[in-house]
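Reader: I would like to learn how to read a binding site and its backbone from coordinates alone. Could you take me through one case, step by step?

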Amino acid sequence: MEAHRKHTVIFDTDPGVDDAMALYFALAHPDIDLIGITTTFGNVTVEQAAKNALYLCAIAGRGEIPVTQGVSQPRVKHVEAPPDFIHGADGLGNLPSRHSASNTLDPRSSAQLIVDTARQHPGKVSVVAVGPLGNLARALELEPELPALLSKVVVMGGTVFEPGNVSPVAEANIWNDPHAADLVFGAGFQLTMVGLDVTHRVILPLALFERIAKHHHHPATDVLLHAVAFYSHFYSAQHPQVAKVHGCFGHDVLAFIALTQSEIFRCESGRVRVATEGLAQGQTMLKRTLATYPQPGWENDVPETTVCMQVEADACIRQIEAVLMSDWLKTK
Ligand code: BDR
Ligand code: CA
């Protein structure tokens, strides 16, 4: 039971609508102390991701949180065009205008911020990573002892049984940089994978964000509502079960819930490898038996990942509503 344990967190993100939702959940959660935001390409370019992270913090009155710009492309494959049809060309559902904001980037790379913070507070900081995993892979190159210096790493990405969302077997974050993902799964972090097996079980109605915006009457929750409305349009057109409630999948916010309320997930432990090439590129493969395989790549030195397989969806939705409805927005 992890209730009421304070989690000190670096958020590695590509905002992105569900990233924005996750960021605000983290800022609003009483048990999360968000001490840094590292950005990556993914839903948008890394420049836009960093701009969005700064903006989302500024309008929520949290402009003091360090934000860095990280990797702009995958380690090996070519960078793909950002999915503007899901998140908007600006990543936040094509905002019609922006308020002025004065916070600026921390000059370090995202990998450097992760390494510096982990060295300063050994064993105390967790990373919640909800984009392609290039920043963590670079951080491992800068500091090979990183797995021992961090507390936990929670990754939104991958899938075991649920069909993929960029191919029949691949989830977008892993597919965007499969080589980085395979390094991260093999590094020895205390790692939890929050993939489509659980994120596709949690459908968030747009009406929930309308209630939150009405309750706070604040620029931050207005921006979130605008972004979620755009994103819900995409998901409702794609998935009949989402269309029924007119809403969306919360994907990234579930990574924070897995950190703070792990008891509402059912997990399995096993070795995870990522297909880096070919038709199955980006597939996350979980070794689910005790068998010894003749194929290389599944030896005992591949560390175990805790993989979320099921979630209590209603408890998840209740938690998102309770946290975002709380009194977390101090400045208007
Ligand atoms: C993941 O891909 C991105 O589009 C979302 O922000 C989320 O991190 C879902 O597959
Ligand atoms: Ca994301």
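**Reading the sites**

Author: Keeping in mind that this is a predicted model, we can begin with the shell around ligand 1, which is made up of D18, D19, N43, H87, V130, M156, N165, E171, A172, N173, H251 and D252. By class, this shell has 3 nonpolar, 5 polar and 4 charged residues, and the helices α1 (17–28) and α7 (172–176) each supply at least two of its residues.

Reader: Which polar side-chain atoms lie by an oxygen atom of ligand 1, and at what distance?

Author: Here a polar contact is a pair of N or O atoms within 3.5 Å. A polar side-chain atom of E171 lies 2.4 Å from an oxygen atom of ligand 1, while for N43 the corresponding distance is 2.6 Å and for N165 it is 2.8 Å. The protein covers 95% of the 280 Å² of accessible area that ligand 1 has on its own, and ligand 1 sits in the largest pocket.

Reader: What are the protein donors of the calcium ion (ligand 2)?

Author: For calcium, a donor is an N, O or S atom within 3.2 Å of the metal, and water is not among the atoms, so a site may look incomplete. The protein donors of ligand 2 are an OD atom of D14, two OD entries from D19, the O atom of V130 and an OD atom of D252, lying 2.4 to 2.7 Å from the ion. Along the chain these donors follow the spacing D-x4-D-x110-V-x121-D. Because V130 lies in the loop between β4 (125–129) and α5 (134–142), and D252 in the loop between β8 (247–249) and α13 (253–260), the pair ties together parts that are 122 residues apart in sequence.

Reader: Where does the backbone have a cis peptide bond, and which residue other than glycine has a positive phi?

Author: Most residues other than glycine have a negative phi, and most peptide bonds are trans. In this model a cis peptide bond joins P15 and G16, with omega about -10°, and G16 lies in the loop between β1 (7–13) and α1. Phi of N94 is near 60°, a positive value, and N94 is placed in the loop between α3 (84–87) and α4 (110–120).

Notes:
Residues numbered from 1 in each chain as written. Chains lettered and ligands numbered in written order. Predicted model: local features only at pLDDT ≥ 70, side-chain atom pairs only at ≥ 80, totals over all residues. Heavy atoms only, no water. Near = heavy atom within 4 Å. Polar contact = N/O pair within 3.5 Å; in protein donor to acceptor, adjacent residues only side chain to side chain. Areas by Shrake-Rupley, 256 points an atom, 1.4 Å probe, with all protein chains shown as cover. 1 Å grid on protein atoms, 1.4 Å probe; cavity = no way out; pocket = protein on both sides within 12 Å on 5 of 7 lines; lining within 4 Å. Sits in = over half its atoms within 2 Å of the grid points. Helix = DSSP H or I, 4+ residues; strand = E, 2+ residues; numbered from the N terminus. Nonpolar A, V, L, I, M, F, W, Y, C, P; charged D, E, K, R; others polar. Donors = N, O, S within 2.8 Å, 3.2 Å for Na, K, Ca; no water.
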